[in-house]
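Visitor: Could you walk me through this model, one question at a time?
Guide: With pleasure; let us put it on the screen.

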Amino acid sequence: MAEYSAFALLRNALHGNREWKPAWRKPDPKPSYDVIIIGGGGHGLSTAYYLAKEHGITNVAVLERGWLGQGNIGRNTTMIRSNYLLPENSHFYEHSVKLWENLSHDLNYNVMFSQRGVLNLAHTPAQLDDFARRGNSMRHCGIDAELMTPDEIKRFIPALDISVGGRFPVVGGLIQKRAGTARHDAVAWGFARGADRRGVDIIENCEVTGFLRDGDRIVGVTTTRGEIRAKKTAVAVAGNTGAVMKLAGIDRLPIETHVLQAFVSEGLKPFMDSVVTFGAGHLYVTQSDKGGMVFGGDIDGYNTYAQRGNLPIVEEVMAEMVALFPGLSRVRLLRSWGGLMDMSMDGTPIITTGPLPGMYLNCGWCYGGFKATPASGWCFAYTIAQDRPHKFNAAMTLDRFKRGFIVDEKGQGATPRLH
Amino acid sequence: MLITCPYCGPRDLSEYTYQGDANRVRPDPASTDQAAWNDYVYDRINTAGEHREFWQHSGGCRAHLLVTRNTLTHAISFVGFAREHGEPKHLERRKGGKA
Amino acid sequence: MSPRRSSAGGRVDRTRTIRFTFDGRSFTGHAGDTLASALLANGMTLFGRSFKYHRPRGVMTAGIDEPNALVTLLKGDIREPNIPVTEIEIYDGLNAVSQNRSPSLAFDVGAINQYAGKLISAGFYYKTFMGPVIGPLKGTRFWMFCERFIRRAAGLGHAGTTADTARYERMNAFCDVLVVGGGPAGLMAAKAAASDGARVIVADLEAAFGGTAKWSGDVIDGKPASEWAAELADELAGMENVRLLPRTTVWGYYDGNTLAALERVSDHKANPESGEPRHRHWTIRAKTVVLATGGFERPLIFPGNDIPGVMLAGAVERFAGEYGVLPGERIALFTNNDSAYAAAANLKRAGAMVVAIIDVRPEISAAARELASKAGAEVRLGQAVVAAEGGKALTGVKVRNFEAATGMISGDPASLAVDCLAVSGGWSPAVHLASQAGGKPEWDEALQAFLPPKPTQKWIGAGAFTGAATTASAIADGQRAGLKAAGILAQGKEKLPSVSEPALDPSPAPVLEVRAHGKAFVDFQHDVTADDVRLAHQEGFISVEHLKRYTTLGMATDQGKTSNVPGLAIMADARGLSIPQVGTTRFRPPFSAVSLGSVAGERVGHIRPDRLTPMHDWHVEQGARMYAAGLWYRPMIYGAPGETVEQAYVREAKAVRESVGIVDVSTLGKIAVQGPDAAEFLDRVYTNLFSTLPVGKARYGLMLREDGLAMDDGTTWRLGENDFLMTTTTANAGKVMQHLEYFLDVVWPELKVHVTSVSDQWAGAAVAGPKSRDVLAACVTGTKVDNETLPFMGIVHGEIDGVPVMICRLSFSGEMAFEVYCGAGYGLQVWEALIEAGKPFNIVPYGLEALGTLRIEKGHVTGAEIDGRTTARDLHLGWLLSKKKPFIGSAMMDREGFVAPTRLQLVGLVSLDGRPLTGGAHIVENGSAEQLGQSIGHITATCYSPALGKYIGLALVRDGKSRHGKRAVISDPLRDRFGPVEIVNHIFFDPDGSRMHG
């Protein structure tokens, strides 16, 4: 398949754009594969890509029940960062940021990773100390982090009311300058195209209806497009993990499914560059390349599979938005949407072998899944290929709860709505 | 979303706090069965459909309610006091039976 | 040739002139005009520039579906970008400017983009800008360089940075029936529903009720439809049980029939009434909703269909009928359905010259033919517009023969000189709210439209929303829906108004595109062309969601209201499928854009309440610097002039160690735990025993979460056999309360215990220091405070200044200390009495910094150490873990990972370089700024210790206990603080507690 480049664009433009080929094939499923990945979202596609690229395993199918990327890869606020407190998370997410930094070249697809910085605002000295602890932890893990003073913040984002209406004055902030945003859909399409170019079959409109077993062992799946056998079956269906795992007889998991709403305003001329988070509430904001302010807040906070949120969160998020950016009061909210979140019991994802023989599980992303997309696939591919976790995902096992090796970034315990 | 509190009547979602899965069974306090405790503390049924769950009317009478709500549609089919409709095991204990 | 105001007709008041400004030029209009109609009346045709190609654009619609004509409204420095001119009611002094153009609307350099059209087709940016793999522009650098220019070009209007000074209100409403949409169907529904006393709210997004009746030209009950509608609206306004909400957009349909609506209260006024908000955000909880939201007309897709002067037929009809504005001198219509014929006849009646009606269908109904002859228009059947011509204004159209079934174009083109082309591609019901409520719209082949889904919540549809094509059917439908919504049994003999309207064919031809040479726009604002849709198909982006995401079709400010179905039709054609096979996207809130400030409501600038203790004003008067702790404000230091923070807290802490100090502890969480099983309950909640606590004594307790990690600590006082007062940390007051309630309601309902939050009922002051007993002795009456009466952890009741108080001798500072509680209303009185009594001992009020210093010296833990990740043993509180009973968390606290030797443990740190330690710094065995070490932990709290004369801190360090006496290095690259420290026991001062017991 043809490389994408400025020259390709020019050549095609001269030919009336009639020569572009599909970004990925639409093959029918084969009877069997070395690896089946259930879930054609960001993580599933990235897993397929890295299985092919890093491990030479190309006899792979990605099964998507609807259209590719219909889950959270296309429903997030596109933020990428590795500003974590706990080293178990930091190393993993930093690996992700490093993959992101070269991803457009790697995929020959512009995923528009723009390292415009993620700034966390602190509103009390104690919170600033907390951020310092986190920033220092990042620095000790080899990740960039800096503190900013209120004056620096004001210069950095002039539109920000650093007094926050007088109620929560900004006393400083933690910035990771290598963090930023990317174009979410492009990530799904880029990985799909990249995996396809390496021989992976991406099969849309193919819903898994059950698992094939040989004793305890999972040996494939039944789907709406027939039976497909596989040596290894991997599940990457965040938001629907519970439903899919029930098909395999796993009734209970350390996961609750919640809805997270996200919002975008009408397009504005450049208003601010970086990503900003509000420390006295829960709000994260960025401005997309199309000009819309893209922002979100807390999850709605109850079990749901409905992909629809409710009004209290909308009101809260708008109030916080106007508190930080009083100039946006008359700007209009254009669209909201909801994504389903696998909220895990400690806020940390699960990338693991098992829980059944022949099966591999990737889930529990809470609302941090987008930034993890490359590393999640990279680590999951390693775990599938080697039948053991890589050191980057060694702490993300399913048995960590039983064993007490909890990775709880927020310290909230087994209350998913608080992670 | 509106939840009809048996004390206070239909009240908005914003008055309530979600208190999670009501299908869990807390082991006997003295039990040392780690698997049972792990299941109770960490595992969830996470149903797509009718889901038994607890809500606290935290912005009202503060009672915990047992609610049956469809997680696909958010339609609520039952609301009662957790004290009366919670875990069967607890209710039995309340009546003086052995749990 | 240009648009103009007709001499008569319409609902504008030609006797009232209104002056406004657009792009710095002054204009006049009339009362009843929108900015769109007023500018058209002034002969304007150019209103805006498109997003990508910066093509000149006119006004295309007459309502909220407008994709092209967006402006920024200015009120001083306050900016309101991206507002469709069709939504703006003009008022004296209105100031609007055009957008996305430079230097001017008429001459925009960005228009050069259209010559690169093929190069910057759909999704081009995914294929380029990756830049070199190596060299200085590797990684993300080249993209970020390019992105700067892309960002500058993107967006439409500018937002300001000036705070909005307008006021916003929030309103909650309950009703039996909410009618959304005040057209003929909605008004009839409201009347029927209200007839038996039901509480009815009717919301319409426009200024006047009536919907299409305002301009349709129909005759209802012998009156012009507009009059009939106005009278009906007046009648409803006079009913006690009906509330009319004009200028109110119902934008969200949430669970439990909760709907969100935005009322634009004073946007249309030059000078709002005193106290009047700008907007009102309504949350309406309705037993039943009647959706009578009408429909949106669709454009036809052909080359040049975006040239100013090409408009939707219904909009042209409306400008003429409602505003008395003729959008062109010579108007042609281009249609696939009958509705354009009614428009043509109405245009003629309003004084326009209707040149021709071009219809893709080979045959039309008799009623349509009759209307065409009334309009005096030439009818061109089986033909299509293959090109619209002109630059900033339409000059003419080219028409050729067209075969609807195949899309084949043939024959020689005929040229028509027209300055307005009114197009109609049929109508799409506005199913948005129904889709939001849940459910998937269903395609209707005859109407070529998505009809509302089956209701999943309690709503009933009426009128054009359900696909009803005639006013008569809308009216009947509305009445039926209104009766049903109010639960009134229909008698079958309810009176219906008589309607005189043409009997038109409701089915359009299934043609939305004329494929000819040139750019044909589907999404006008985002410049998505029919070729872009086909390119998406060619590249495999064939699902409706991929189409939308790849081309940005339907993502503009109008959210695809005009582009959705035509885009689907082109994709369906490319795939050889039907439209419903390609699918439709789910509609999500808001139905139409709402400003952020409106939804924020009154919470602007103050998003959380302040919590103040009863002594707050006293602290402020004494010069305390206040510190926000959660919602509370607490004194940080009581600084004297010229004092640094450190000097102040050291002075305060010293006073406590040497004489006596007083601190406000009213913010502590306080929970009354009462009932016959209270002691048993506390035994289960705390890790240690409380059933053995005698009445009149207090005990320090620790509670764990179910997962076995530390949750909170505090003292609990046994006031009576069945009466305990639990105290919690300030931060966890709410959390602990909820924790207790959960266990009582859900886990142990058999326990006879009641818990009550009394945090706000008690004011508290801690008096601490060697002289503290003397201070109490000087002011407390009704009890002795000597060691026998009030031993360590003892409780007495007495009075201070005549106010009943409860005193417990307990210590956080490590000194002899007492907590004095009284009713919150008397807090200040008691506080002042204590200060007065302390004067002989030079009592010093102290703040959080000194409190923190004293506790660090004593190694007491707070939220910085009980951070949700630490165990009791990590914090050296293992001695509190009772082995005599199970308690919450006891079963889970001994898991492998919770007792691992690698865990972080609480230690003390002493700075060895005489410099302050920094909170949040890490600890390493070896390391420097140049060569960072391996983190073995972090600092949780720091201070200068007046007792030790050193900078000290508490830290959580891996295997900390084994490191006592060892050296380590503080490593704070963020603040460039490195230096040697010694790791010591976490209790720095008076480890055996002799001072507080003494």
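Visitor: Leaving aside its neighbours within four places in sequence, which residues is Glu206(C) in contact with?
Guide: This is a predicted model, in which local features need pLDDT of at least 70, side-chain atom pairs count only at pLDDT 80 or more, and totals for chains, interfaces and linings use all residues. Residues are numbered from 1 along each chain as its sequence is written, chains are lettered from A and ligands numbered from 1 in the order in which they are written, and side-chain values use heavy atoms, with hydrogens and water left out. Contact here means heavy atoms within 4.5 Å. On that rule, and without the neighbours within four places, Glu206(C) touches Lys214(C), Pro246(C), Arg247(C) and Arg318(C).

Visitor: Where is Glu206(C) placed, and is Glu206(C) buried or exposed?
Guide: Its place is in the loop between β10 (200-203) and β11 (219-220) of chain C; helices (H or I, at least four residues) and strands (E, at least two) are DSSP runs, numbered from the N terminus. Buried means under 20% relative accessible area, exposed over 50%, and partly exposed in between (1.4 Å probe, protein chains only). At a relative accessible area of 19%, Glu206(C) is therefore buried.

Visitor: And Gly215(A), is that residue buried or exposed?
Guide: Gly215(A) also sits in a loop, between β9 (208-214) and β10 (217-223) of chain A. Its relative accessibility is 59%, so Gly215(A) counts as exposed.

Visitor: How far apart in space are Gly215(A) and Thr397(A)?
Guide: In sequence, Gly215(A) and Thr397(A) are 182 residues apart. From C-alpha to C-alpha, the distance between them in space is 24 Å.

Visitor: Why is strand β23 of chain C described as largely enclosed?
Guide: Strand β23(C) covers residues 383-390. The rest of the structure largely encloses this strand because the buried residues number 6 of the 8.

Visitor: Which strand does β23(C) form a hairpin with?
Guide: Two strands pair if DSSP finds at least two bridges between them. Here 7 bridges join β23(C) to an antiparallel strand at residues 394-403 of chain C, and Ala387(C) stands opposite Lys398(C). With 3 residues between the two strands, the hairpin partner is β24(C).

Visitor: What is the order of the open sheet of 9 strands?
Guide: Pairing in this sheet is mixed. Its edge strands, each pairing on one side only, are β5 (146-148) of chain A and β34 of chain C. The order is β5(A)-β6(A)-β4(A)-β13(A)-β14(A)-β15(A)-β12(A)-β16(A)-β34(C).

Visitor: In β34(C), which residue is the bridge partner of Leu333(A)?
Guide: Strand β16 (residues 332-344) of chain A and strand β34 (residues 594-595) of chain C pair in the antiparallel sense over 2 bridges. Arg332(A) stands opposite Ser595(C). The partner of Leu333(A) is Val594(C).

Visitor: What area is buried between chain A and chain C?
Guide: The contact takes 120 residues from chain A and 127 residues from chain C. Buried area is the accessible area (1.4 Å probe) that two parts lose on being put together, summed over both. Carbon and sulfur atoms give 54% of a total of about 10100 Å².

Visitor: How many salt bridges does the rule find across the interface of chain A and chain C?
Guide: A salt bridge is a side-chain nitrogen of Lys or Arg within 4 Å of a carboxyl oxygen of Asp or Glu. One of them joins Arg116(A) and Glu147(C), at 2.7 Å from N to O. Across this interface the count is 16.

Visitor: Which helix gives the most to the side of chain A that touches chain C?
Guide: The helix covers residues 125-140 of chain A and gives 11 residues. Its name is α5.

Visitor: Turning to chain B, what area do chain A and chain B bury between them?
Guide: In this interface, 26 residues of chain A are in contact with 28 residues of chain B. Arg252(A), Asn303(A) and Tyr305(A) supply 31% of the area that chain A buries there, more than any other three residues. With 51% on carbon and sulfur atoms, the area is about 2200 Å².

Visitor: Which residue of chain B forms a salt bridge with Arg252(A)?
Guide: Across the interface of chain A and chain B the rule finds 2 salt bridges. In the one with Arg252(A), the closest N and O atoms are 3.1 Å apart, and the partner is Asp39(B).
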